[in-house]
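Let's take a walk through this model, picking a few spots and following what surrounds them. Keep the viewer open as you read.

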Amino acid sequence: MLDSVLIANRGEIACRIIKTARRLGLRTIAVYSDADRQALHVRMADEAVHIGPAPSAESYLVGERILAAAKVTGAAAIHPGYGFLSENADFAEACAKAGIVFIGPSANAIRAMGLKDGAKTLMEGAGVPVVPGYHGEKQDPEFLKRKAYEIGYPVLIKAVAGGGGKGMRRVDKAIDFEAALASARREAQSAFGDPRVLIEKFILNPRHVEIQVFGDGKGEAVHLFERDCSAQRRHQKVLEEAPAPGMSAETRAAMGAAAVAAAKAVNYGGAGTVEFIADGSGPLRPDGFWFMEMNTRLQVEHPVTELVTGVDLVEWQLRVASGEGLPLAQEEIRLAGHAIEARLYAEDPDNGFLPSTGRLELLMLPEGEGIRIDTGVEAGAEVSPHYDPMIAKVIAHGATREEALERLSRQFGVTWVAGPKSNLAFLAALVDHPEVRAGGFDTGLVDRDLDGLTGGAVSEATIAAAVATLVAGHTPHEEAATGWIDPFAENDAFQLSGPRVSGLKVTVDGQMRDLPVRWRDGQPVPDGQEGDGADIPGIAAWSGDAVWALEGGRAVKVALVDQLARTVEAEGGKAAIPAPMHGKVIAVSVAAGDAVERGDRLAVVEAMKMEHAITAPRDGIVEAVLVAEGAQVDQGAPVVRLREEAEEGA
Ligand code: ADP
């Protein structure tokens with residue numbers, strides 16, 4: 001067995017690889033960019049090497065830096081994870097040249113499968129069914145249009161170098177062909193530096209069914225059954241499961257054999273995935289699936305295969321890379337139960353699924369029965385704009401599909417994310433969708449039903465509960481120590497024993513809102529909030545001195561408008577000037593002793609990529625600057641203190 005491995009990746013996959021490597025007794029070496037100094041994968045590894053600035057093009061994608069880190073630490077092997085350098089044949093070659101084992105297939109196998117056109121030609125030769133279409137050299141628009149006509153509409157234009165659904169266009173009518181071709185080529189050129197495309201028959205009611213394969217690099221290969229990844233949004237996987245609903249033993253055998261033939265055709269070594277598109281207009285059939293592409297790496301969704309086979313695929317990768325044979329023969333690999341994975345992302349489903357970045361103020365990912373969580377972040381971590389905004393993979397396993405779905409659904413009920421927006425509510429709606437429950441749906445389901453799967457809001461009642469929690473005035477620092485409060489149990493926010501407030505103007509995610517109030521025992525009670533709170537659909541939780549209202553996978557930040565003033569008073573009188581919101585201090589413009597005039601800039605705080613200047617409320621002398629450049633500040637935290645007015649004349 002190898003004695004050490006450097007993981008050329010970050011986030012959940014780096015953490016997941018470290019776990020298995022450590023169990024097998026390997027020394028583990030992490031690499032990190034400036035943005036990942038505090039990251040979980042860095043803390044988990046035995047050693048860590050800094051490889052450059054935050055942008056991945058200057059760190060995780062720079063082969064020479066990774067190799068230099070491997071040499072300095074004496075790493076015997078490099079595991080590339082997925083993404084980054086995992087399918088870079090030149091990098092695989094450079095590792096070999098440096099005498100370091102690349103954990104993956106040979107550079108030749110990566111190249112053979114790297115371009116969709118060449119791979120399809122190769123597969124045809126190996127007797128693997130491929131989607132009917134044109135994948136030759138000619139690229140002139142007239143010729144391609146004729147091919148599209150011959151194939152028959154609807155067709156799919158795909159970038160030869162494609163990945164992640166980029167450079168892909170469905171065309172239903174000949175009249176739309178030229179425009180779609182031009183835009184696919186433009187996208188392919190900008191994403192991959194290669195404008196070439198191929199044309200495929202668009203399979204109606206397509207299901208995405210892929211086969212996990214494993215080769216020893218010496219001509220032997222096995223498969224570890226299928227994964228169904230038909231729950232997609234814009235050709236990107238959202239849920240993945242194994243086995244595929246409605247899969248018969250006969251179809252499984254046919255697909256498995258085709259995938260093994262594909263792997264053997266390139267003398268495949270290590271873990272790989274052969275992706276097929278299947279006709280989902282009826283039950284899956286042995287003659288109703290076609291090769292799309294082979295991914296020459298460990299996939300994001302590999303845990304579902306691990307849960308239904310009991311195989312640790314990273315262990316297999318490390319063993320095969322060490323020169324051992326395949327750990328199990330085909331007939332020894334068994335399928336048990338059902339597993340489903342959901343990808344939890346920091347993104348905003350109500351705003352076009354745009355990535356959402358920032359500090360994870362709250363993150364609760366409990367691991368219940370039959371639940372596996374693969375994550376690379378903890379509460380307090382930043383979701384960086386530089387990388388994929390995945391927060392975690394939540395994977396459920398059960399004896400049956402119903403049990404696995406039920407466990408996943410229940411899991412979402414105890415999972416909370418606050419800070420960046422997340423797709424948690426969307427995922428929860430999706431696993432409860434009747435068509436998902438029924439199984440066997442096609443890849444268009446999510447986009448067709450997007451309206452039903454998004455929207456929704458945190459209810460007034462939960463927001464009011466959060467306001468009551470704020471009003472009750474628990475000291476944030478106490479709560480931070482315990483993390484979570486149940487506003488309806490021991491803290492009993494509804495007794496409203498905290499300081500009096502003049503009114504209940506609040507902000508919800510920064511938007512001003514008036515909350516109807518009544519008064520009870522001389523204290524304000526949010527309208528409709530009385531009694532034990534049993535009818536409140538969500539919960540409220542502190543983070544720093546903010547309170548979040550959480551309900552159904554959604555989270556909004558609630559603040560009292562007059563809270564600023566109260567905090568400031570507590571922190572040293574009216575002379576202290578507070579931060580207007582939670583953010584990062586990107587500039588401090590004054591120093592102690594400076595004379596300032598009303599309106600002068602004191603400091604600049606950045607939040608949500610917007611800059612806010614903090615200005616002097618009056619003329620005076622700066623007594624103290626209470627924050628440093630680069631510091632994170634909470635809303636209301638004192639930033640600068642001016643001398644008390646009385647002192648000034650002295
Ligand atoms: P990429 O490499 O860009 O991810 P793929 O070739 O893997 O592209 O296809 C991505 C997704 O697009 C598939 O999972 C499937 O949903 C859809 N798709 C691909 N080819 C076809 C086809 N011929 N007909 C219908 N849908 C397709």
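Start with leucine 85. Setting aside neighbours within four places in sequence, leucine 85 is in contact with Tyr60, Leu61, Gly63, Ile66, Pro80, Phe91 and Phe102. Leucine 85 sits in the loop between strand S4 (77-79) and helix H4 (89-97). Is leucine 85 buried or exposed? Its relative accessibility is 2%, so leucine 85 counts as buried; the cut-off for that is under 20%. There's a long-range neighbour too: alanine 8 is 77 residues away along the chain, yet the C-alpha atoms of leucine 85 and alanine 8 are separated by 7.7 Å.

Now zoom out, keeping in mind that this is a predicted model. The chain has 650 residues, and 55% of them count as buried. Its secondary structure adds up to 20 helices and 38 strands. If you take contacts between residues at least 6 apart in sequence, 65% of them join residues at least 24 apart. The chain exposes about 26,600 Å², with carbon and sulfur atoms supplying 50% of that.

Next up is helix H8, residues 177-192. How far apart should its ends be? With 16 residues at 1.5 Å a residue, H8 should span 22 Å, and its end C-alpha atoms are indeed 22 Å apart, so the two values agree. Right after H8 comes glycine 193, with a positive phi near 65°. The buried residues of H8 are Phe177, Ala180, Leu181, Ser183, Ala184 and Ala188. To read that list, remember that an α-helix has 3.6 residues a turn, so residues three or four places apart point the same way. The cover over these buried residues includes helix H7 (141-151) and strands S7 (155-159), S8 (169-171) and S9 (197-201).

Let's look at the helix in that cover. Two packed helices are described by the angle between their axes and the distance between the axes. For H7 and H8, the axes come within 10 Å and cross at roughly 120°, and the crossing is right-handed. On the H7 side the contact is made by Pro141, Glu142, Leu144, Lys145 and Ala148, and on the H8 side by Phe177, Glu178 and Leu181.

Strand S9 is worth a stop as well. Four of its five residues are buried. S9 pairs antiparallel with S7 over five bridges, and there leucine 156 has glutamate 200 of S9 as its bridge partner. S9 also pairs with strand S6 (residues 133-134), again in the antiparallel sense, over two bridges; here tyrosine 134 is partnered by isoleucine 199.

Further along, you reach an open sheet of eight strands. Its order is S14-S13-S10-S11-S12-S15-S22-S20, with antiparallel pairing. Which strands are at the edges? They are S14 (289-295) and S20 (371-375), each pairing on one side only. From one strand to the next, the twist averages 25°.

Inside this sheet, have a look at S10 (residues 206-216), where 11 of the 11 residues are buried. Both faces of S10 are covered: Pro206, His208, Glu210, Gln212, Phe214 and Asp216 are buried on one side, and Arg207, Val209, Ile211, Val213 and Gly215 on the other. S10 pairs with S13 (residues 269-279) over 11 antiparallel bridges, among them one between isoleucine 211 and valine 274. With S11, S10 shares six bridges, also antiparallel, and glutamate 210 stands opposite arginine 227. S10 and S11 form a hairpin with four residues between them, and glycine 217 in the turn has a positive phi of about 75°.

Elsewhere in the sheet, S12 (residues 236-242) and S15 (residues 338-345) are joined antiparallel by four bridges, with alanine 242 opposite alanine 339. Two helices lie over this region. H12 (residues 401-413) lies across S12, S15, S20 and S22 (390-398), at about 140° to S22. H13 (residues 424-431) lies across S11 (221-233), S12 and S15, at about 45° to S12.

Finish with valine 596, in strand S33 (residues 595-596). Valine 596 is buried, with a relative accessible area of 6%. Beyond four places in sequence, valine 596 touches Val590, Leu602, Ala616, Arg618, Asp619, Gly620, Val622 and Leu642. Of these, glycine 620 is 24 residues away in sequence and 5.4 Å away in space, C-alpha to C-alpha.

Definitions and conventions
Residues are numbered from 1 along each chain as its sequence is written. This is a predicted model: local features need pLDDT of at least 70, side-chain atom pairs count only at pLDDT 80 or more; totals for chains, interfaces and linings use all residues. Side-chain values use heavy atoms; hydrogens and water are left out. Buried means under 20% relative accessible area, exposed over 50%, partly exposed in between (1.4 Å probe, protein chains only). Contact means heavy atoms within 4.5 Å. Accessible areas come from the Shrake-Rupley method with a 1.4 Å probe; for residues, only the protein chains shown count as cover. The expected span of a helix is 1.5 Å times one less than its number of residues. Two strands pair if DSSP finds at least two bridges between them. Axes are lines fitted to C-alpha atoms, for helices over the stretch in contact, and angles run from 0 to 180 degrees between N-to-C directions. A crossing is left-handed if the near helix is turned anticlockwise from the far one by less than a right angle, and right-handed if clockwise.
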